[in-house]
Amino acid sequence: MNKEETYLPQGTILKNRYEVISVIGTGGFGITYRAVDQLLDCYVAIKEFFPQKWASRENGKSRRVAFYQDDKSKKIVEECLHNFRHEAKILEKIKDVPYIARLKDYFPENETEYIVLSLVQGETLSDYVKKRSGKLPAAEALSYIQYTFDTLKYLHGMGIIHRDISPGNLMISEDQVLYLIDFGSATSFDGKEEFQSEQVFEHKGLQAPEHSRPDMQGPWTDIFSLCATIVYLITGEGIAEAEERMLLDELPQRLMKTSLSSRQQNALMRGLNPNINYRFADIEGLHAELYG
């Protein structure tokens, strides 16, 4: 099955309400579409649960999804669907958090399930930086990231961490506001929920060293990824893995070549400390040092 046969065709109507316009993006576990909400006359984003390695779509009008039925595939699909539903539950909890794509609807259809979100029209920070010769002036980068600090302050106050902050998961809207997207890896850090491990940390070099230790994760985990993202935006380069940095850390020299103040450089270095005990414990502490 080629990609065109995998996607819902343009004009498909879901829930007798949402008209599919085009494909926005695909991942290992789903397809995201741009659609029109015919009831409210506005654009929305619709995420369809479609784990491509373990599913196929019927041809013709039905467009139903069939999942592979061998024991191994069934187990994987069940786990992925659990994660998909978990994302919807997280989005329902955080619907009042600023600068996120908000949950609008959730429903089953075509033998699969769908999440409907408000559509953030714009481009990812990753794409934006590529058009700007690969990096941004420090002042511009920090100006955009201010929005993410506001978002994380609310999330962490609710006991939720995102766990996958990266330039690809930050969207600049048409009115120049930065939105945090993709909550497929988000979870509670109060020990009351299972960590959704299958979809976490696709952006290598940006994840905190404790990514394989759920019991050690908290706001400081998002702080690490946020600081790594800032470094990437300002220098045009990622950072080395924690093990390499323990042997030889070239990051201080790279930061010295930027227009960041000494205080800001030290704040980023602290936020990127491999040892969680030496990182900022909360997002407010990092913000005070970067913007104070």
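**Close-up 1. Arg64 and its salt bridge with Glu58.** In this predicted model, Arg64 is partly exposed, with a relative accessible area of 37%. Its partner is Glu58, and the closest N and O atoms of this salt bridge are 3.2 Å apart. Glu58 is likewise described as partly exposed, because its relative accessible area is 33% and the partly exposed class runs between 20% and 50%.

**Close-up 2. Glu48 and Arg57, a salt bridge between buried residues.** Glu48 and Arg57 are joined by a salt bridge in which the closest N and O atoms lie 2.6 Å from one another. Are these two residues buried or exposed? Both Glu48 and Arg57 are buried, whereas Arg64 of the first view is partly exposed. Glu48 and Arg57 also appear in the fourth view, where they are listed among the residues in contact with Val65.

**Close-up 3. Glu92 and Lys95, joined through their side chains.** The side chain of Glu92 meets that of Lys95 in a salt bridge, with a distance of 2.9 Å from N to O. Glu92 has a relative accessible area of 39% and is partly exposed, and Lys95, with a value of 38%, is partly exposed as well. How many salt bridges does the count come to? The count comes to 14 salt bridges, and the pair of Glu92 and Lys95 meets in a salt bridge of this kind.

**Close-up 4. Val65 and its surroundings.** Val65 belongs to strand β6, which covers residues 65–67. With a relative accessibility of 5%, Val65 counts as buried, because buried means under 20%. Which residues are in contact with Val65, once its neighbours within four places in sequence are left aside? They are Glu48, Phe50, Ala55, Ser56, Arg57, Asn110, Glu111 and Thr112. For a sense of distance, one may also look at Leu81, which is 16 residues from Val65 in sequence and 13 Å from it in space, taken from C-alpha to C-alpha.

**Close-up 5. Tyr99 and Arg163, two loop residues with positive phi.** Tyr99 is not a glycine, and yet its phi is positive, at about 60 degrees. Tyr99 is found in the loop that runs between α2 (71–93) and β7 (103–109), and it is partly exposed, with a relative accessible area of 24%. Arg163, which is not a glycine either, has a positive phi of about 70 degrees. The loop that holds Arg163 lies between β10 (160–161) and β11 (170–173), and Arg163 is buried there, with a relative accessible area of 2%.

**Close-up 6. The packing of helices α8 and α9.** Two packed helices are described by the angle between their axes and by the distance between those axes. Helix α8 (residues 262–271) packs with helix α9 (residues 283–291) at an angle of about 155 degrees, and their axes are 8 Å apart. Angles over 145 degrees count as roughly antiparallel, so α8 is roughly antiparallel to α9. The crossing of the two helices, α8 and α9, is left-handed. On the side of α8, the contact is made by Arg263, Gln264, Ala267 and Leu268, while on the side of α9 it is made by Leu286, Ala288, Glu289 and Leu290. When the residues of this contact are sorted by kind, five are nonpolar, one is polar and two are charged.

Notes: Residues are numbered from 1 along each chain as its sequence is written. This is a predicted model: local features need pLDDT of at least 70, side-chain atom pairs count only at pLDDT 80 or more; totals for chains, interfaces and linings use all residues. Side-chain values use heavy atoms; hydrogens and water are left out. Axes are lines fitted to C-alpha atoms, for helices over the stretch in contact, and angles run from 0 to 180 degrees between N-to-C directions. Helices (H or I, at least four residues) and strands (E, at least two) are DSSP runs, numbered from the N terminus. Angles under 35 degrees count as roughly parallel, over 145 as roughly antiparallel, 65 to 115 as roughly perpendicular and the rest as oblique. A crossing is left-handed if the near helix is turned anticlockwise from the far one by less than a right angle, and right-handed if clockwise. Contact means heavy atoms within 4.5 Å. Ala, Val, Leu, Ile, Met, Phe, Trp, Tyr, Cys and Pro count as nonpolar, Asp, Glu, Lys and Arg as charged, and the others, Gly among them, as polar. A salt bridge is a side-chain nitrogen of Lys or Arg within 4 Å of a carboxyl oxygen of Asp or Glu. Buried means under 20% relative accessible area, exposed over 50%, partly exposed in between (1.4 Å probe, protein chains only).
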